[in-house]
Amino acid sequence: MNQPVLIVGAGLSGLYTASLLSDNGITCKVIESRDRIGGRVLSEEAAGSRFDLGPTWFWPEHEPAITALIKKLGLKTFTQHTKGELLFEQAADSPAQRHTLPAHAAERSERVEGGMQSLIEAVAKTLPAETVELNTTVTEIEMNQKNEVSVHAVNGDEEDVSYEAASVILALPPRLLKRISFSPELTGLSDLPTWMGGQAKIISIYDRPFWREKGLSGQAMSWIGPLQEIHDASPQKGPGALFGFFSLTAAQRLEIGEEKVKTLVKDQFERLYGREAGQPVALLYKDWATDTDTAADEDALPLTDFPQYQPQRPFDVKDPWHHTLFFAGTETSSGSGGHLEGAIRSAERVAASIIKLN
């Protein structure tokens with residue numbers, strides 16, 4: 001094979017696919033529109049630690065692929081803190097109720113030291129130098145009558161660039177594929193929602209996890225909002241942190257604006273955990289619905305059910321893209337779709353298909 005396998009998307013699935021192929025002697029090129037690797041994995045630094053604004057944990061009892069990969073890469077993990085009482089906020093005119101969950105009520109989840117970005121960085125280190133090209137947005141993929149594939153893109157300097165490829169792996173949320181032109185035409189793609197595409201995440205950081213001193217786990221559920229689900233986001237050592245998922249829709253967050261959203265969240269934390277909780281040393285916020293490298297316009301609509309993720313349609317042997325175009329990403333995994341586990345499984349599936357062809 002003279003031309004490389006070209007992978008569109010440097011999230012976990014794209015990078016891990018490249019790693020698996022490289023281990024088998026197959027040359028790869030990974031193209032990413034962002035100025036960073038990781039996709040929806042995003043760990044930002046504050047107060048001397050890194051905090052996850054994307055995926056935060058995994059479940060070792062049920063997710064063998066990510067568990068094995070983390071072990072293989074030698075990453076250190078720690079158990080998500082759940083010890084203590086849960087708060088339940090039911091009405092605005094009454095204080096939150098404290099509840100003691102039954103033993104083993106929640107499945108044990110694990111977090112990676114240094115944030116999930118540590119996993120991304122470790123996978124990236126397994127790749128040959130200059131495998132990944134950032135700030136490059138694919139606009140068109142075409143195949144001629146000799147089955148030769150060309151990928152056209154625009155780089156960070158707004159210059160048109162082209163690549164020749166043996167095959168192409170699209171490691172993108174399915175809804176973003178409509179932004180790419182295909183020749184011959186690519187039909188029959190699904191319109192599955194982008195996981196986390198309509199969600200936002202906020203992390204409030206303190207000098208210590210003071211709620212634990214009050215016998216609280218940091219977990220809370222609220223019918224009032226703006227956060228409907230809250231968890232302890234503290235690292236194993238150092239500062240304390242709380243993070244939450246919103247009951248506010250993407251449209252509501254956009255309408256009231258980021259500063260008002262942050263004010264409402266600080267008010268809620270103070271209401272639940274006391275005055276100290278309303279005075280964080282840092283506040284990190286990421287609205288994935290406004291991230292055009294993640295979400296399509298349709299993703300702003302709230303989900304009414306968990307999407308049934310699955311591989312993109314299998315190509316008929318007469319399809320011109322047969323054995324040339326492949327789909328990866330957590331939305332293309334029939335098992336654990338939406339999770340990091342699904343991203344890894346999709347990478348293993350696609351890599352195995354290409355390795356078999358070679």
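These are my notebook entries on a cavity and a run of paired strands.

**Entry 1: the model.** I reminded myself that this is a predicted model.

**Entry 2: looking for cavities.** How many cavities of 30 Å³ or more does a search of the whole structure find? I got one. I then looked up the space in the largest cavity, and it comes to about 40 Å³.

**Entry 3: who lines it.** I listed the residues around the largest cavity: Phe51, Asp52, Thr56, Arg111, Lys201, Ile203, Ala233 and Phe243. Sorted by class, this lining has four nonpolar residues, three charged and one polar. Which strands each supply at least two residues of the lining? I found strand 4 (49–52) and strand 15 (200–206).

**Entry 4: strand 11.** Next I turned to strand 11, residues 149–154. Is it mostly covered or mostly uncovered? It is mostly covered, with five of its six residues buried.

**Entry 5: the strand 10 side.** I checked how strand 10 (residues 137–143) meets strand 11: they run antiparallel, joined by six bridges. I picked out one partnership, in which glutamate 142 is bridged to serine 150 of strand 11. The two strands make a hairpin with five residues between them. In that turn I noted asparagine 147, which has a positive phi of about 65°.

**Entry 6: the strand 12 side.** Strand 11 also pairs with strand 12 (residues 160–165), in the antiparallel sense and over six bridges. Here I saw that alanine 153 has valine 161 of strand 12 as its bridge partner. This hairpin has five residues between its strands, and glutamate 158 takes a positive phi near 60°.

Key
Residues numbered from 1 in each chain as written. Predicted model: local features only at pLDDT ≥ 70, side-chain atom pairs only at ≥ 80, totals over all residues. Heavy atoms only, no water. 1 Å grid on protein atoms, 1.4 Å probe; cavity = no way out; pocket = protein on both sides within 12 Å on 5 of 7 lines; lining within 4 Å. Points joined across faces, edges and corners; volume = space filled by probe spheres on them. Helix = DSSP H or I, 4+ residues; strand = E, 2+ residues; numbered from the N terminus. Nonpolar A, V, L, I, M, F, W, Y, C, P; charged D, E, K, R; others polar. Buried < 20%, exposed > 50% of the residue type's maximum accessible area, 1.4 Å probe, protein only. Pairing = 2+ DSSP bridges.
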